[in-house]
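Trainee: I've got a new structure open and I don't know my way around it yet. Could you walk me through it, one question at a time?

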Amino acid sequence: MSTVNTHISAIRALINKYSEAGTPYTDEFLYHLFSTAASRLMRQRYGNNRKTNNWDVAYYCIGLEKAQLADCANLPQCSVLRTKCKIPKPITGKYTDLLKVYTIDHREIPFVVAEASYALKYDEVLKDSLAWSMMNQHIVIWNGNTDKVIPRAVLVGGYFEDPTEWAAIPCADETGLDKDYCYNIKQSAFPIDSDLVAPAYQMTLQMLGVMLQSPNDRQNNSNDILQR
């Protein structure tokens, strides 16, 4: 996979090839269009609960902290574990977000609707198991050990509308201690399936009003029309 800068450079090269206007666009603007196109294509591919491509899914280790539920939402107060930071918005599929949460040893933690979390204690399967919900952009872990903060961290995997937002979020080690930031815009790969890169470029050019036809071809077509 390629970095953000590589994708922007490729898009600029295509604009120069197919447009006479040049590229009077900032990197930020081109990235916004490209990430919008990529998000739309990934939603179309995986939005119907199709199995995601494990090669291109990004995983981030995020530390947990003890919090009072009243700090997260207007629900009966109790202690829970939640991520120390807010999670960037995932791409939303037809039925659910393209987001999963795992233990450090990569066992998937089941999702539950926050409003139904009180019923976990009555569930024979989940009453003693970890579960998670999304509340106010934080991942909340149910049935964890809030006194000792266990687990201390979780893996967050999925597709996100703007992966570069992870550049402002510190990733943790298995003990929950924050380390480096999760994403390096200059070095980290932009998560997108390889066969969707070209369609994402094409969609970006379409949003710019650039036709995939060279200026010479357009001139020749115009001349042909005039000579008819």
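Trainee: What share of the 228 residues of the chain counts as buried?
Mentor: Keep in mind that this is a predicted model. Buried here means a relative accessible area under 20%. Out of the chain's 228 residues, the share that passes is 43%.

Trainee: How far can I trust the model, and where is confidence lowest?
Mentor: Across the chain pLDDT averages 85, and 84% of the residues score at least 70. Helix α3 (residues 197-207) has the highest confidence, with a mean of 96. Over residues 220-228, pLDDT stays under 50, and the model has 1 contact there beyond four places in sequence. Confidence is lowest, at a mean of 45, in helix α4 (residues 215-227).

Trainee: How many helices and strands does the chain have?
Mentor: Try reading the elements from the N terminus: α-α-β-β-β-β-β-β-β-β-β-α-α. Tallied up, the secondary structure comes to 4 helices and 9 strands.

Trainee: Which elements are included in what covers the buried residues of α3?
Mentor: Begin with the residues themselves: V197, A200, Y201, M203, T204 and L205 are the buried ones in α3. H7, which lies in helix α1 (residues 4-18), touches V197 and Y201, among others. The cover over the buried residues of α3 includes α1 and α2.

Trainee: Is H7 buried or exposed?
Mentor: Look at its contacts beyond four places in sequence: S2, F34, F190, I192, V197 and Y201. The relative accessibility of H7 is 2%, and the cut-off is 20%, so H7 counts as buried.

Trainee: What lines the largest cavity, by class?
Mentor: The count comes to 1 cavity of 30 Å³ or more, and the largest cavity has a volume of about 50 Å³. Its lining is S35, A38, S39, M42, I91, Y159, F160, P163, F190 and P191. By class, that gives 8 nonpolar, 2 polar and no charged residues.

Trainee: S35 is in that lining, so is S35 buried or exposed?
Mentor: You'll find S35 in helix α2 (residues 27-46). Beyond four places in sequence, S35 touches E161 and F190. With a relative accessible area of 6%, which is under 20%, S35 is buried.

Trainee: Where does P90 lie, and is P90 buried or exposed?
Mentor: P90 is in the loop between β2 (79-83) and β3 (99-102). Leaving out neighbours within four places in sequence, P90 is in contact with D97, L98, L99, Y159, F160 and E161. Its relative accessible area is 7%, so by the 20% cut-off P90 is buried.

Trainee: How is K186 placed relative to V4, and what separates their C-alpha atoms?
Mentor: K186 sits in the loop between β9 (178-181) and α3, and K186 touches T3 and N5. Along the chain, K186 and V4 are 182 residues apart. Their C-alpha atoms are nevertheless separated by 7.0 Å.

Trainee: Is K186 buried or exposed?
Mentor: The cut-off for this class is over 50% relative accessible area. K186 has a relative accessibility of 67%, so K186 counts as exposed.

Trainee: Which residues does a cis peptide bond join?
Mentor: Most peptide bonds are trans, so a cis one deserves a look. P151 is in the loop between β6 (138-142) and β7 (153-158). With omega about 5°, the cis bond joins I150 and P151.

Trainee: What is the phi of V149 near?
Mentor: Most residues other than glycine have a negative phi. V149 lies in the loop between β6 and β7 and is buried, with a relative accessible area of 17%. V149 has a positive phi despite not being glycine, and the value is near 50°.

Trainee: What about Q137: what is its phi?
Mentor: Q137 is found in the loop between β5 (131-135) and β6. Q137 is partly exposed, with a relative accessible area of 45%. Although Q137 is not a glycine, its phi is positive, at about 70°.

Definitions and conventions
Residues are numbered from 1 along each chain as its sequence is written. This is a predicted model: local features need pLDDT of at least 70, side-chain atom pairs count only at pLDDT 80 or more; totals for chains, interfaces and linings use all residues. Side-chain values use heavy atoms; hydrogens and water are left out. pLDDT is the predictor's confidence in each residue, from 0 to 100. Helices (H or I, at least four residues) and strands (E, at least two) are DSSP runs, numbered from the N terminus. Contact means heavy atoms within 4.5 Å. On a 1 Å grid over the protein atoms alone, a cavity is a set of points where a 1.4 Å probe fits but cannot get out, and a pocket is an open set with protein on both sides within 12 Å along at least five of seven lines; lining residues have an atom within 4 Å of a point. Grid points are joined across faces, edges and corners, and a volume is the space filled by probe spheres set on the points. Ala, Val, Leu, Ile, Met, Phe, Trp, Tyr, Cys and Pro count as nonpolar, Asp, Glu, Lys and Arg as charged, and the others, Gly among them, as polar. Buried means under 20% relative accessible area, exposed over 50%, partly exposed in between (1.4 Å probe, protein chains only).
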